[in-house]
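Here are a few notes to go with your first look at this one. Have the sequence and the 3D view open as you read.

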Amino acid sequence: MGTIFDLYLYAESSSQARDLFELAFDEIERLEATLSNRKTTSEIARLNREARAVWVVTDPETFALLRRAREYGRLTDGAFDITVGRLMQTWGFSRQQGRLPSAEEIAAAQAGWDLLLLDEETRAVGFASPAVELDLGGIGKGYALDQVADLWREHGVSSALLVAGRSSICALGAPLGKTAWTVRVPHPFDESTISTISVRDGAVSTSGSYEKFFRAEGKTYCHILDPRTGWPVQGMLQTTVVAANATDAEALSTALFVLGPTHAPALLEMAGAAALMVAEGMDVTRFYWREASA
């Protein structure tokens with residue numbers, strides 16, 4: 001996942017808080033060791049090495065997450081796609097430095113969500129193209145937050161805020177004496193706030209063109225790729241999604257950044273989510289926005 005987690009909670013004592021934080025970070029480390037494509041020993045890295053040649057049986061958790069991500073690929077007609085690992089490498093974003101590849105390089109690196117094959121009976125994973133390489137960057141942080149939140153709930157935590165990379169947020173209950181957590185939606189270019197959201201037992205995810213980008217030949221290229229074309233998305237600055245859980249919120253914010261406002265209503269209505277989308281020129285569009293103030 002390669003990101004920073006900030007966790008806040010209300011506990012009865014400092015020793016209880018310490019135990020809960022230790023529990024949480026152990027879980028995050030476990031998921032990092034399983035789902036990160038940057039760790040050569042992870043389950044995702046193993047699938048990327050082996051599943052092009054043979055069917056590979058994986059563990060129930062990894063299989064369930066791949067199934068969930070693949071379903072988002074289907075629902076968004078490929079706007080959300082975890083098979084973009086090679087594309088990310090081709091554009092240099094996996095190495096934190098961008099480059100402008102040739103059209104031939106892009107075409108060779110393109111895969112597609114439907115080329116990720118899942119056998120429900122055997123829990124096996126296969127790749128239908130050598131271009132397939134899994135990258136859970138558009139869903140992994142949210143999934144980790146949900147897992148920690150579930151773990152804390154099991155241990156009696158009723159009020160907490162979990163943040164991954166400042167862009168994915170999961171809220172349990174509310175702060176003491178309040179009805180909800182207040183989450184700010186940042187301005188894409190400065191430290192100001194576009195809107196605020198009241199969140200209780202829900203999640204918020206923001207995807208922005210400013211997170212990683214580079215300039216080449218007088219043009220800016222952001223790290224969020226349109227898997228259908230192989231090129232970075234143009235015209236969008238930021239999408240923020242409010243959903244019931246952080247996994248869905250992150251996947252939806254990524255997908256809507258690619259799809260743009262036209263396709264937002266149907267997808268959000270299906271998911272029971274809300275979105276605030278910012279296009280170039282600072283055109284702000286709200287869909288099903290609840291408890292937000294500009």
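What covers the buried residues of H6? Keep that in mind while going through the points; bear in mind too that this is a predicted model.

1. To take the question straight away: the cover over the buried residues of H6 includes three helices and three strands, namely H1 (14-35), H3 and H7 (246-259), along with S1 (5-9), S5 (160-164) and S6 (168-172).

2. H6 itself runs over residues 140-154, and 11 of its 15 residues are buried, so to speak of it as mostly covered is fair by the under 20% relative accessible area cut-off. Among the buried ones are Gly-140, Tyr-143, Leu-145, Val-148, Leu-151 and Trp-152. Lys-141 and Asp-146 are on that list as well.

3. The length of H6 checks out. Because each residue should add 1.5 Å, its 15 residues ought to span 21 Å, and the end C-alpha atoms are indeed 21 Å apart. After the helix comes Gly-156, with a positive phi near 90°.

4. Now for a sheet: three strands make an open one, ordered S2-S4-S3, with antiparallel pairing. S2 (56-57) and S3 (116-119) are the edge strands, each pairing on one side only. In general, sheet strands pair through backbone hydrogen bonds.

5. S2 pairs with S4 (residues 124-127) over two bridges. If you want a spot to click on, try Val-56, whose bridge partner in S4 is Val-125.

6. H3 (residues 60-75) packs on this sheet, where it touches S3 and S4, and its direction makes about 130° with that of S3. H3 also turns up in the cover over the buried residues of H6.

How values were computed
Residues are numbered from 1 along each chain as its sequence is written. This is a predicted model: local features need pLDDT of at least 70, side-chain atom pairs count only at pLDDT 80 or more; totals for chains, interfaces and linings use all residues. Side-chain values use heavy atoms; hydrogens and water are left out. Two strands pair if DSSP finds at least two bridges between them. Helices (H or I, at least four residues) and strands (E, at least two) are DSSP runs, numbered from the N terminus. Contact means heavy atoms within 4.5 Å. Axes are lines fitted to C-alpha atoms, for helices over the stretch in contact, and angles run from 0 to 180 degrees between N-to-C directions. The expected span of a helix is 1.5 Å times one less than its number of residues. Buried means under 20% relative accessible area, exposed over 50%, partly exposed in between (1.4 Å probe, protein chains only).
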